[in-house]
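Biologist: I should be grateful for a close look at a single part of this model, the strand pairing, followed by an account of how the rest of the chain is arranged around that topic.

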Amino acid sequence: MAKATCLVCGAKLNSADAYRVEIIVNKRTGEKELKYRYCCSEEEYLKEEARKKKVKEDKDNVYYFICDMFGYEIQNTQFFDEWAKWNKLKSNEIIYKYLRENEAFLRQACDKPFDNEYHKIRYFSAILKNTLVDFKPKVEVADKPKVVVAETIYESPTQSLNKRRSLADLEDMF
Ligand SMILES: [Zn+2]
């Protein structure tokens, strides 16, 4: 019986019992070849695929968010070196939350005149390296609380002055 190795966890498998993954390999000649890889179970394989997808999404989110702030697709290798340093402090998922919560401040920081791109990257990276460690993401707020408040007030025929006042207070908060 053919022996195989699990492509996720590296366990030794018997290919006849294992979950088979079909992979299309592009050969140098331009031909395509169908190959088989093996995994302990379909569940393990799907979990790994979902994990890889999430890793890529988090990375893309961070990259394109910063490119949007800079105003172009950054290609400078120094940028990627600095990014690796941020990842020693926080995961890309947390970095993306940090960027969104501090967007206005960071955009302002990027807006200053810099001698060159390298200085801009160093300046931007210094902010992240100094603030990421202590960053705690806000708890996600439930959907559309403002709309619910407004509807409650307008639909209620017995609204009191107190209620109206509390709506005004809420509006001030936003
Ligand atoms: Zn496995």
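Modeller: Strand S3 (residues 19-26) lies largely in the open, because the number of buried residues among its 8 is 0. Here a residue is buried if 20 or more other C-beta atoms lie within 10 Å of its own, exposed if 12 or fewer, and partly exposed in between, with C-beta atoms placed from the backbone. Strands are DSSP runs of E with at least two residues, helices are runs of H or I with at least four, and both are numbered from the N terminus. The model is predicted: local features need pLDDT of at least 70, side-chain atom pairs count only at pLDDT 80 or more, and totals for chains, interfaces and linings use all residues. Residues are numbered from 1 along each chain as its sequence is written.

S3 runs antiparallel to strand S4 (residues 32-39), and 8 bridges join the two; strands pair if DSSP finds at least two bridges between them. Val21, for instance, has Arg37 in S4 as its bridge partner. The two strands form a hairpin with 5 residues between them, and Gly30 in the turn has a positive phi of about 95°.

In the wider chain, the elements run β-β-β-β-α-α-α-α-α-α-α from the N terminus, and 9% of the 174 residues count as buried.

The largest nonpolar core has 5 residues, namely Val62, Ile66, Ile95, Tyr96 and Tyr98. Helix H1 (residues 42-70) and helix H3 (92-101) each supply at least two of them, and H3 gives the most, with 3 residues. Such a core is a set of buried Ala, Val, Leu, Ile, Met, Phe, Trp, Tyr and Cys residues joined through C-beta atoms within 7 Å. Leaving aside neighbours within four places in sequence, Tyr96 is in contact with Asp58, Asn61, Val62 and Phe65, contact meaning that C-beta atoms, placed from the backbone, lie within 7 Å.

Cys67 also lies in H1. Cys67 is partly exposed, because 14 other C-beta atoms lie within 10 Å.

Further along, helix H4 (residues 103-110) and helix H5 (residues 117-131) pack at an angle of about 150°, with their axes 10 Å apart. Axes are lines fitted to C-alpha atoms, for helices over the stretch in contact, and angles run from 0 to 180 degrees between N-to-C directions. H4 and H5 are therefore roughly antiparallel, a term for angles over 145 degrees. Leu106, Ala109 and Cys110 in H4 meet Lys120, Phe124 and Ile127 in H5.

How values were computed
Contact = placed C-beta atoms within 7 Å. Parallel < 35°, antiparallel > 145°, perpendicular 65-115°, else oblique.
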